[in-house]
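This report describes one protein chain for a reader who works at the bench. Please keep the sequence and the three-dimensional view at hand while reading.

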Amino acid sequence: MTRQTVPHTDIRAHGWVARLPEGIRPYILLARLDRPVGTWLLLLPGIWGIELAEGSSSLHRAALILLFAIGSLAMRSAGCVVNDIWDRKIDAQVARTAGRPLASGRLTVRQALVTLALLLAIGAFVLFQLPPLCWALAPLALLLVGLYPAAKRVTWWPQLVMGFTFGFGAPMGYAASAGRIDWVCALLYAGTILWQLGFDTIYGFQDMDDDARIGVRSTSRLWAGQARGFIGSCYGAALLLIATAMALSPLHWIAWPIAALAAFMLFRQIGRLDIRDPALCLALFRQNVPFGMVLALALICGRALS
């Protein structure tokens with residue numbers, strides 16, 4: 001009996017998604033609601049920014065985290081819709097993404113645009129609960145969301161553009177909590193960008209063969225020959241910048257040992273990395289959520305006890 005090879009994919013159409021009515025499932029998959037990892041990776045820098053900022057009460061910070069959770073869910077899904085509209089023809093040629101609703105034809109572009117409008121409306125509602133400084137930053141965030149899918153067509157650094165895009169929660173959270181932008185915010189954002197450049201490069205290793213075949217550029221392909229050195233440099237620089245931001249913002253000493261544990265979790269990925277194992281790359285990518293949670297815990301404890 002011949003063993004059938006199941007194509008590698010990150011789509012989760014089983015579990016609770018499989019119990020939904022057939023007509024709803026493609027919309028859930030389009031918005032990536034089957035995979036909350038991306039929402040966490042957008043939300044966690046926002047929590048870092050909220051907790052790192054001085055001058056905000058515990059109750060205010062908790063309310064902001066709730067708003068950012070709702071906004072991250074909506075805006076991450078909106079970004080996925082934009083990405084899938086841009087990439088529907090490319091996705092159809094890549095094994096991991098061929099089953100996506102637009103690439104497979106289960107949804108039309110018009111249906112995707114209606115979904116996008118609804119998600120943006122939710123995001124706008126959340127935005128208007130935040131200070132006016134966040135309103136001024138929002139157009140830049142939307143511009144980044146729109147440009148990210150185009151990056152792989154014109155540059156070898158689309159993962160860096162993704163870092164600017166997904167990392168934007170850090171300055172948004174800081175601005176919402178502190179009511180200003182300063183050097184602490186800038187350092188946190190720079191560190192977040194480099195962290196996300198590192199983990200999205202790991203994520204991109206899943207698609208290298210297909211990307212090379214169809215001519216899609218990626219940081220993963222560019223640095224495939226020096227993967228561990230590149231990822232290690234990204235992670236090391238990210239931790240240095242975030243630690244500097246922490247040092248400039250008065251935090252209780254308890255933040256540092258917890259942050260050290262987070263750093264260990266991050267560097268542990270490098271030793272396990274095998275760029276020719278797509279399933280492992282996906283697993284390592286997902287490990288950035290617990291890293292981000294532990295770092296958030298460090299900042300929450302450091303701020304609460306300061």
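The sections below take up the overall fold, one helix, the charged pairs, selected residues and a surface patch.

**Overall form**

The structure is a predicted model. Its chain contains 15 helices and zero strands. The C-alpha trace spans about 65 × 40 × 40 Å along its principal axes. For a chain of 306 residues, a compact globule would have a radius of gyration near 19 Å, and the value for this chain, 19 Å, agrees with that expectation.

Of the 306 residues, 52% are buried. The chain exposes about 13800 Å², and carbon and sulfur atoms supply 68% of that area. Among contacts between residues at least 6 apart in sequence, 77% join residues that are at least 24 apart.

**Helix α12**

Helix α12 covers residues 227–248, 22 residues in total. From its first C-alpha to its last it reaches 32 Å, close to the 32 Å expected at 1.5 Å a residue. Its buried residues are A227, F230, I231, G232, C234, Y235, A238, L239, I242, A245 and M246. The cover over these buried residues includes α2 (37–52), α9 (183–204), α11 (219–222), α13 (255–272) and α15 (288–304).

**Salt bridges**

Side chains of opposite charge can pair when their charged atoms come close. A search of the whole structure finds 10 salt bridges. The table lists three of them.

| Salt bridge | Closest N to O distance | Burial of the partners |
|---|---|---|
| D84 and R32 | 2.8 Å | D84 buried, 1% relative accessibility; R32 buried, 5% relative accessible area |
| R35 and D34 | 3.1 Å | R35 and D34 buried |
| D91 and R100 | 3.4 Å | D91 and R100 buried |

Salt bridges that share partners join R32, D84, D91 and R100 into one network.

Which parts of the chain does the salt bridge between D84 and R32 link? D84 forms its salt bridge with R32 at a closest N to O distance of 2.8 Å. The pair links distant parts of the chain, with D84 in helix α3 and R32 in the loop between α1 (25–30) and α2, 52 residues apart.

Is D84 buried or exposed? D84 counts as buried because its relative accessibility is 1%, a value under the 20% cut-off for burial.

R32 also has a backbone feature to record. Its phi is near 60°, a positive value in a residue other than glycine. R32 lies in the loop between α1 and α2, and at 5% relative accessibility R32 counts as buried.

**Two buried helix residues**

T115 belongs to helix α5. With a relative accessible area of 13%, T115 is buried. Leaving aside residues up to four places away in sequence, T115 touches Y27, L30 and V81.

A138 is located in helix α6, which comprises residues 132–154. A138 has a relative accessible area of 10% and is therefore buried. Although A138 and M172 are 34 residues apart in sequence, their C-alpha atoms are 8.3 Å apart in space.

**A nonpolar surface patch**

Which residues make the nonpolar surface patch? L66, I70, L118 and I122 make this patch, which has an area of about 370 Å². The elements that give two or more residues to the patch are α3 (58–91) and α5 (109–127).

I122 can serve as an example of a patch member. The residue I122 is placed in helix α5. Its relative accessible area is 34%, so I122 is classed as partly exposed. That class holds values between the limit for buried residues, under 20%, and the limit for exposed residues, over 50%. Helix α5 thus carries the partly exposed I122 and also T115, which is buried at 13%.

**Points to locate in the view**

In the displayed model, the reader may wish to find the following features in turn. One is the salt bridge between D84 and R32, whose partners belong to a network that also includes D91 and R100. Another is helix α12, with residues 227–248 and buried positions that include F230, Y235 and M246. A further one is the nonpolar patch of about 370 Å², to which α3 and α5 each give two or more residues.

Methods:
Residues are numbered from 1 along each chain as its sequence is written. This is a predicted model: local features need pLDDT of at least 70, side-chain atom pairs count only at pLDDT 80 or more; totals for chains, interfaces and linings use all residues. Side-chain values use heavy atoms; hydrogens and water are left out. Patches are made of residues with over 30% relative accessible area and no salt bridge: like charges are joined within 9 Å, nonpolar side chains (Val, Leu, Ile, Met, Phe, Trp, Tyr) within 5 Å. Accessible areas come from the Shrake-Rupley method with a 1.4 Å probe; for residues, only the protein chains shown count as cover. A salt bridge is a side-chain nitrogen of Lys or Arg within 4 Å of a carboxyl oxygen of Asp or Glu. Helices (H or I, at least four residues) and strands (E, at least two) are DSSP runs, numbered from the N terminus. Buried means under 20% relative accessible area, exposed over 50%, partly exposed in between (1.4 Å probe, protein chains only). The expected span of a helix is 1.5 Å times one less than its number of residues. Contact means heavy atoms within 4.5 Å. The radius of gyration is taken over C-alpha atoms; the globule rule is 2.2 Å times the number of residues to the power 0.38.
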